[in-house]
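Biologist: Before we discuss this model, I should like each term to be justified by a value and a criterion. Could we proceed in that manner?

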Amino acid sequence: MALLEIENLHAEIDGKPILKGIDLSIEAGQVHAIMGPNGSGKSTLSYVLAGRDGYEVTEGSIRLDGQDLLEMEADERAVAGVFLAMQYPVELPGVTGMTFLREAVNARRKAAGEDEIDAMGFLKMVRAKAKTLGVTDEMLKRAVNVGFSGGEKKRNEILQMAVLEPKFCVLDETDSGLDIDALKVVSEGVNALRSAGRSMLVITHYQRLLNHIEPDVIHVLAHGRIQKTGGKELALELEQNGYADYVEAAA
Amino acid sequence: MAATADTVRQVEEVTGRAYKHGFVTDIDMEMAPKGLDETTIRFISAKKEEPEWLLEWRLKAFRQWQQMKEPDWAKVGYPAIDYQDLYYYAAPKQKPKLNSLDEVDPELLATYEKLGIPLKEQEILAGVVAVDAVFDSVSVATTYKKELEKHGVIFCSISEAVHDYPDLVRRYLGSVVPAADNFFACLNSAVFTDGSFVYIPKGVRCPMELSTYFRINAENTGQFERTLIVADEGSYVSYLEGCTAPQRDENQLHAAVVELVAMDDAEIKYSTVQNWYPGDENGKGGIYNFVTKRGACRGRRSKISWTQVETGSAITWKYPSCILQGDDSVGEFYSVAITNNAQQADTGTKMIHLGKNTRSTIISKGISAGRADNTYRGLVRVGKRAEGARNFTQCDSLLIGDKCGAHTVPYIESKNPSARIEHEATTSKISEDQLFYCMSRGLSTEDAVGLIVNGFCKEVMKELPMEFAVEAQKLIGISLEGSVG
Ligand SMILES: Nc1ncnc2c1ncn2[C@@H]1O[C@H](COP(=O)(O)OP(=O)(O)OP(=O)(O)O)[C@@H](O)[C@H]1O
Ligand SMILES: [Mg+2]
């Protein structure tokens, strides 16, 4: 059985249908990419996976490791191993990056009936991981995402992912806002997290990211449905032809 | 809008959890008869074996109080208080003279345990915190006295001070908050039962944080504490006040007075965490917290800093103030006020600049949830002689849900053209984005709210002494558990 199984997923926002029957399954250890035109529902899918309120699932199911995600609140899903690196990370004034990470880790430990993490050891671990992603100590002391540049925000998301070690990661346009060097650093960070037990869903508009993070499978999402699934060559094809085929096909 | 509706729903979902500190200790009380007249005051004074001058002082205050009207200018509403329907004195039956905690009534100790204030543990923490625990109206346990005595620091109940240091008490009592200052202070002057007295001699840096945990325990018992802290030239003291109260159906009046005096180069840091019973979701019960707190920076370069975290009480009416008399003196006010359900808070400060180059800073963080009302009311007054006075004020309000209110009422009066006064104010809401972001990292709704609100209050929280900070952070989370999502 696949690590993540999405079946016939329909979801709407404020009564407006956005996802109209998505089927997707990702094996443990695999990386899938989703590409698709603006407004096709990519971020919506990521939010539905993460359990955001206001996104109403009207049909279908999502299972992670056999567990029914739709039965769980956002925080329960996170504890169960879902992680969403957001397209637009949110500012938390007054909450330092270090505090935020510690709270997140302790939430998991609490759920597992464990004691709070040792503060000193944790600090060291986070600093080490931060370094590899080019996140400075100064950034960890600042309030989460407040005044961060677009690229810094994205790096910070991947740092959280590295620290929380989720089972299933959704990366929503992590490449947008990253300069060429940062793209490389972040991609290396993501690649370092690839492992046999961990799956990823990478949302992007650009083939370039997929040169760094090589997906096993690529899907094209348009009009709330997966229109095509293929290998790496699909990204190249899209790069050349755009989405015209899919937009028309669905229309 | 969907996001707002959602927050409201979450607010409602987590409301209705019982007040964690709601329980009642069963210790026989020795009560003064219900009601207030000169006999009551004579009873209190006699119980406490007070000198004649103090009885006269009380009686004079009482006569003035009878001529006064209860103030109605604050943005709070409550049914009329029947001052004749209250008890003004209650004390645990045996008045213990104690040498150690072992001699404290075990039931009392158990009460503190439940509140999470293990005196024993604090004693073991050797010299970190001295606790002058006030149970209802009479001090029953005072620790660390000996260590303090070595430095000449006086830290005792005000009743003791009246007997042991009558000159000091007589010189300073009512010198910052005159007996007839306002309705509630005047009432306190007439009937105050106990509280703390602190004197730090010249040049002494108090070797530990001084801490008092207050606790209201008797039904229908008004609590009238009186605290007086005097920091002599070049001295320093940090004083912590923390409170929780058991659940009660009837409203309880609390009208404390705190007076601080700082001489040349002296500094007083006064921190409060207030967590009295706020009443239930419908606004039934809860403490009326009508407090007068004022500090006088009498000396040059003296400094008084108020830090408060106010999460409890049905009604809070409180304006810890600084009178900046000495040239170059400094006043600070850092405040977090959380109101939830039907709680009402009208709180702020007064900074009265009289001396030259006096400076004041006001940072106020008001958090409102449920149907609660939260008002910041602050006065910055600069006198004619206060050349070069400076004030910076920042008032931030955070709303949770859309049924609560936040109000900012700044008064600025300057009689000196060289004064510089800055005022900044913001109002924001906890966004659904922020909640989701935290939850998507594994935080429960409550923890997410606690984290976001603690972030919002950070500038104030970092002013709290270390010993208090953790407790206060938790308290913020807990107090919003009862009403925020
Ligand atoms: N809160 C909302 N209310 C109404 N419509 C919404 C809301 N959020 C998203 N939508 C709509 O849902 C559709 C899908 O949006 P989504 O953000 O999932 O697109 P996307 O594929 O991530 O696009 P992009 O590539 O631009 O990031 C869009 O038409 C968008 O306008
Ligand atoms: Mg998107």
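Modeller: Certainly; the model is predicted. Let us begin with B:R226, which counts as buried because its relative accessibility is 0% and the cut-off for that term is under 20%.

Biologist: What makes B:E259 count as buried?

Modeller: The same cut-off of under 20% applies. B:E259 is at 0% relative accessibility, so it counts as buried.

Biologist: How do you know that B:E259 and B:R226 meet in a salt bridge?

Modeller: The criterion is a side-chain nitrogen of Lys or Arg within 4 Å of a carboxyl oxygen of Asp or Glu. For B:E259 and B:R226 the N to O value is 2.9 Å, so the pair satisfies the criterion. B:E259 lies in strand β11 of chain B and B:R226 in strand β8 of chain B, so the pair ties together parts that are 33 residues apart in sequence.

Biologist: Why is the salt bridge of B:E432 and A:R52 said to join two chains?

Modeller: Their side chains meet at 2.9 Å, N to O. B:E432 belongs to helix α10 of chain B, whereas A:R52 is in the loop between α1 and β4 of chain A, so the pair joins two chains. With relative accessible areas of 16% for B:E432 and 10% for A:R52, both residues are buried, because each value is under 20%. A network of salt bridges links A:R52, B:E432 and B:D433.

Biologist: What makes A:E157 and B:R441 a salt bridge?

Modeller: Their closest N and O atoms are 2.7 Å apart, and the limit is 4 Å. A:E157 is buried, as is B:R441. Over all chains, the count by this rule comes to 32 salt bridges.

Biologist: Why are A:S43 and A:Q87 called donors of the magnesium ion (ligand 2)?

Modeller: A donor must be an N, O or S atom within 2.8 Å of the metal. OG of A:S43 and OE1 of A:Q87 lie 2.0 to 2.2 Å from the ion, so they qualify. A:S43 lies in helix α1 of chain A and A:Q87 in the loop between β6 and β7 of chain A, so the pair ties together parts that are 44 residues apart in sequence. Both A:S43 and A:Q87 are buried.

Biologist: How do you know that β1(A) and β2(A) pair?

Modeller: Pairing requires at least two bridges. Eight bridges join β1(A) to β2(A), and these strands run antiparallel, so the requirement is met.

Note on methods
Residues are numbered from 1 along each chain as its sequence is written. Chains are lettered from A and ligands numbered from 1 in the order in which they are written. This is a predicted model: local features need pLDDT of at least 70, side-chain atom pairs count only at pLDDT 80 or more; totals for chains, interfaces and linings use all residues. Side-chain values use heavy atoms; hydrogens and water are left out. Donors are N, O and S atoms within 2.8 Å of the metal (3.2 Å for Na, K and Ca); water is not among the atoms, so sites may look incomplete. Helices (H or I, at least four residues) and strands (E, at least two) are DSSP runs, numbered from the N terminus. Buried means under 20% relative accessible area, exposed over 50%, partly exposed in between (1.4 Å probe, protein chains only).
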